[in-house]
Amino acid sequence: MPTPAPPASTLAAPPFRLRPFAEGDLALYAALFTDVEVMRAVGEPFAPDRAARAAAASLRHQGDAGGRFRHWIIEHPQGSAGLLGLALRGEAWRDGEAELGVLLWPAWQARGAATAAITAVRPWAFDVAGLAALTCHHAEAHAGAAALMRRVGFTPCLPRADAPLPVGWESRPRTTAPALG
């Protein structure tokens, strides 16, 4: 039986904070996925009913130890900046792989929110959930996403065969070399 994922926990990402996605965030989740500007480099915005269903499904997964998604709200003292999510690929979190995604309100783009959020969630992904890899995919022309992935230490990789976007990145836990001699 696969090892379940631990619950999402609050993560410090100064000046931001990541808090676990909760029932009170359903409207925020749906609003991000239906916003044309937020989704412009991700894909077609969701229809409102699809966004509501996706938000509800994500919330069910969030509260289930066997759930395939973990989401965090990216908060700043001035308000909610957006959402960071991990989507499990395969059957097990421990030694598995998860796709990372960040959706930010336009007012929060290029202000360090994604950098802070990804930097904060990586230790949770590797040290707490036990993932072997985080991946991220984006559109070929999305130079901002490519710069972000480089900035947070992801390396280019071939995209998964089933990835809807053609440019792939990955991050793996840092390992230390055995002592010599």
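## Close-up views of a predicted model

**View 1. Ser58, a buried serine in a helix.** With a relative accessible area of 3%, Ser58 is buried. This is a predicted model, and in it Ser58 sits in helix α3. Setting aside its neighbours within four places in sequence, what is Ser58 in contact with? The partners are Phe21, Tyr29 and His71. Tyr29 belongs to α1, and both Tyr29 and Ser58 turn up again in the contact between α1 and α3.

**View 2. Where α1 meets α3.** Helix α3 covers residues 48-62, and α1 packs against α3 at an angle of about 135 degrees, with the two axes 8 Å apart. Angles over 145 degrees would count as roughly antiparallel, so α1 and α3 are oblique to each other. As for handedness, α1 passes α3 in a right-handed crossing. On the α1 side the contact is made by Leu26, Tyr29, Ala30, Phe33 and Thr34. The α3 side brings Pro48, Ala51, Ala52, Ala54, Ala55, Ala56, Ser58 and Leu59.

**View 3. Just past α3: Gly63.** Gly63 is found in the loop between α3 and β3. Is Gly63 buried or exposed? Gly63 is exposed, with a relative accessible area of 72%. Pick Ala13 as a reference point, 50 residues away along the chain, and the C-alpha atoms of Gly63 and Ala13 turn out to be separated by 23 Å.

**View 4. The sheet, strand by strand.** The sheet is an open one of 8 strands, with mixed pairing, and the order reads β1-β2-β3-β4-β5-β6-β8-β7. Which strands are at the edges? They are β1 (11-13) and β7 (155-157), and each pairs on one side only. On average, neighbouring strands are turned by 30 degrees against each other, direction ignored. Helix α1 (residues 26-34) packs on this sheet and touches β3, β4 (79-89) and β5 (97-104). The direction of α1 makes about 85 degrees with that of β4.

**View 5. β3 and its two partners.** Strand β3 is mostly covered, with 7 of its 8 residues buried. On one side, strand β2 (residues 16-20) runs antiparallel to β3 (residues 69-76), and 4 bridges join them. Pro20 has Trp72 as its bridge partner in β3, while Arg17 stands opposite Glu75. How many bridges join β3 to β4? There are 8, and these strands run antiparallel too. One place to look is Arg70, whose bridge partner in β4 is Leu86. β3 and β4 form a hairpin, with 2 residues between them.

**View 6. Two nonpolar cores.** The largest nonpolar core has 38 residues. Leu18, Trp72, Ile74, Leu86, Trp93, Leu131 and Leu134 are those with the most contacts inside it. Helix α4 (residues 113-128) supplies the largest share of this core, 10 residues. Apart from that core lies another, of 15 residues, including Leu28, Ala30, Leu32 and Ala51. Ala30 and Ala51 also appear in the α1 and α3 contact of View 2.

**View 7. α4 crossing α5.** The axes of α4 and helix α5 (residues 143-151) come within 10 Å and cross at roughly 40 degrees. Under 35 degrees would count as roughly parallel, so α4 is oblique to α5. Their crossing is right-handed. Which residues make the contact? They are Ala114, Thr115 and Ile118 from α4, together with Leu148, Met149 and Arg151 from α5.

**View 8. Backbone oddities in three loops.** Start with the loop between β1 and β2, which is where Pro15 has its place. The peptide bond from Pro14 to Pro15 is cis, with omega near 0 degrees. Next comes Asp95, in the loop between β4 and β5. Its phi is near 65 degrees, a positive value in a residue other than glycine. Asp95 counts as exposed, at 62% relative accessibility. Last is Ala110, found in the loop between β5 and α4. Phi of Ala110 is likewise positive, near 65 degrees, and again the residue is not a glycine. Ala110 is exposed, with a relative accessible area of 87%.

Definitions and conventions
Residues numbered from 1 in each chain as written. Predicted model: local features only at pLDDT ≥ 70, side-chain atom pairs only at ≥ 80, totals over all residues. Heavy atoms only, no water. Core = buried A, V, L, I, M, F, W, Y, C linked by side-chain atoms within 4.5 Å. Buried < 20%, exposed > 50% of the residue type's maximum accessible area, 1.4 Å probe, protein only. Pairing = 2+ DSSP bridges. Axes fitted to C-alpha atoms, helices over the stretch in contact; angles between N-to-C directions. Contact = heavy atoms within 4.5 Å. Parallel < 35°, antiparallel > 145°, perpendicular 65-115°, else oblique. Left-handed = near helix turned anticlockwise from the far one by under 90°.
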